[in-house]
Amino acid sequence: MINRIVTRATATLGVRKNLTEIAQEITSAFSLEAVTISLLTTARDAMDVIANFSETSSTEGVGSLHPLSENPVLQAIMESGKPYVMTD
């Protein structure tokens, strides 16, 4: 998996394109329906979706902001500093 990610990342210089390719590889490697990659805004009050990949639905949403104040899961992640995995 790591070799495929590195190969895909070095094939292009576009950061968002690379992160979308990485999201696709993670989706495949872990048999997930979707992966979204977000960064914390400089104001530290929202997450900015910078890449995503989905096997089953639209991948729209890149560039959307998700305010921490409106999302208890994101708040918990920020407070704990620990990763969070959503399951069914």
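## Where E2 meets E3

Let's start with a facing pair: methionine 47 stands opposite histidine 66, a residue of E3. This is a predicted model, so keep that in mind as you look around. The strands in question, E2 (residues 46-54) and E3, run antiparallel to each other and are joined by three bridges. Another of the pairings here links alanine 46 with proline 67, its bridge partner in E3.

What holds paired strands together in general? Strands of a sheet pair through backbone hydrogen bonds, and the pairing can be parallel or antiparallel.

## The whole sheet

Now zoom out a bit. The sheet is open and has three strands, in the order E1-E2-E3, with antiparallel pairing. Which strands sit at the edges? They are E1 (34-40) and E3 (65-67), each of which pairs on one side only. Going from one strand to the next, the twist averages 35 degrees.

Helix H2 (residues 15-29) packs on this sheet and touches both E1 and E2. The direction of H2 makes about 60 degrees with the direction of E2.

## The E1-E2 hairpin

E1 and E2 also pair in the antiparallel sense, this time over seven bridges. One of the matches to look for is alanine 34 with serine 54, its bridge partner in E2. The two strands form a hairpin, and five residues lie between them.

How much of E2 is covered? Eight of its nine residues are buried, so you can call this strand mostly covered, given that buried means under 20% relative accessible area.

## The nonpolar core

Which residues make up the largest nonpolar core? There are seven: Leu19, Ala23, Val35, Ile37, Ile50, Ala51 and Phe53. H2, E1 and E2 are the elements that give two or more residues to this core. The largest share comes from E2, which supplies three residues. This fits a broader habit: in soluble globular proteins, nonpolar side chains tend to be buried together.

Pick out alanine 51 and see who touches it. Leaving aside residues up to four places away in sequence, alanine 51 has contacts with Arg16, Leu19, Thr20, Val35, Thr36, Ile37 and Val62.

## A buried glutamate in H2

Is glutamate 21 buried or exposed? Glutamate 21 belongs to helix H2, and it counts as buried because its relative accessibility is 14%. Try finding asparagine 52 as well: 31 residues separate it from glutamate 21 along the chain, while their C-alpha atoms are 8.8 Å apart.

## Two loop residues with positive phi

Here's a backbone detail to hunt for. Most residues other than glycine have a negative phi. Serine 31 is not a glycine, yet its phi is positive, about 50 degrees. You'll find serine 31 in the loop between H2 and E1. It is also exposed, with a relative accessible area of 68%.

Arginine 44 is another non-glycine residue with a positive phi, about 60 degrees in this case. Where does arginine 44 sit? Its place is in the loop between E1 and E2, in the turn of the hairpin. Arginine 44 counts as exposed because its relative accessible area is 56%, and exposed means over 50%.

## The two ends of H3

Next, head to helix H3 (residues 72-80). Which residue caps its N-terminal end? That job goes to asparagine 71, which has a side-chain oxygen 3.0 Å from the backbone nitrogen of valine 73. After H3 comes glycine 81, and its phi is positive, near 75 degrees.

## The chain as a whole

Finally, step back and take in the full chain. Its secondary structure adds up to three helices and three strands. Following the sequence, you meet them in the pattern α-α-β-β-β-α.

How many of the residues are buried? Of the 88 residues in the chain, 23% count as buried. The accessible surface is about 6,400 Å², and carbon and sulfur atoms account for 56% of that. As for contacts between residues at least 6 apart in sequence, 24% of them join residues at least 24 apart.

Terms used:
Residues are numbered from 1 along each chain as its sequence is written. This is a predicted model: local features need pLDDT of at least 70, side-chain atom pairs count only at pLDDT 80 or more; totals for chains, interfaces and linings use all residues. Side-chain values use heavy atoms; hydrogens and water are left out. A polar contact is a pair of N or O atoms within 3.5 Å; within protein, one must be able to donate a hydrogen and the other to accept it, and residues adjacent in sequence count only if both atoms are side-chain atoms. Helices (H or I, at least four residues) and strands (E, at least two) are DSSP runs, numbered from the N terminus. Buried means under 20% relative accessible area, exposed over 50%, partly exposed in between (1.4 Å probe, protein chains only). Contact means heavy atoms within 4.5 Å. Accessible areas come from the Shrake-Rupley method with a 1.4 Å probe; for residues, only the protein chains shown count as cover. Two strands pair if DSSP finds at least two bridges between them. Axes are lines fitted to C-alpha atoms, for helices over the stretch in contact, and angles run from 0 to 180 degrees between N-to-C directions. A nonpolar core is a set of buried Ala, Val, Leu, Ile, Met, Phe, Trp, Tyr and Cys residues joined through side-chain atoms within 4.5 Å.
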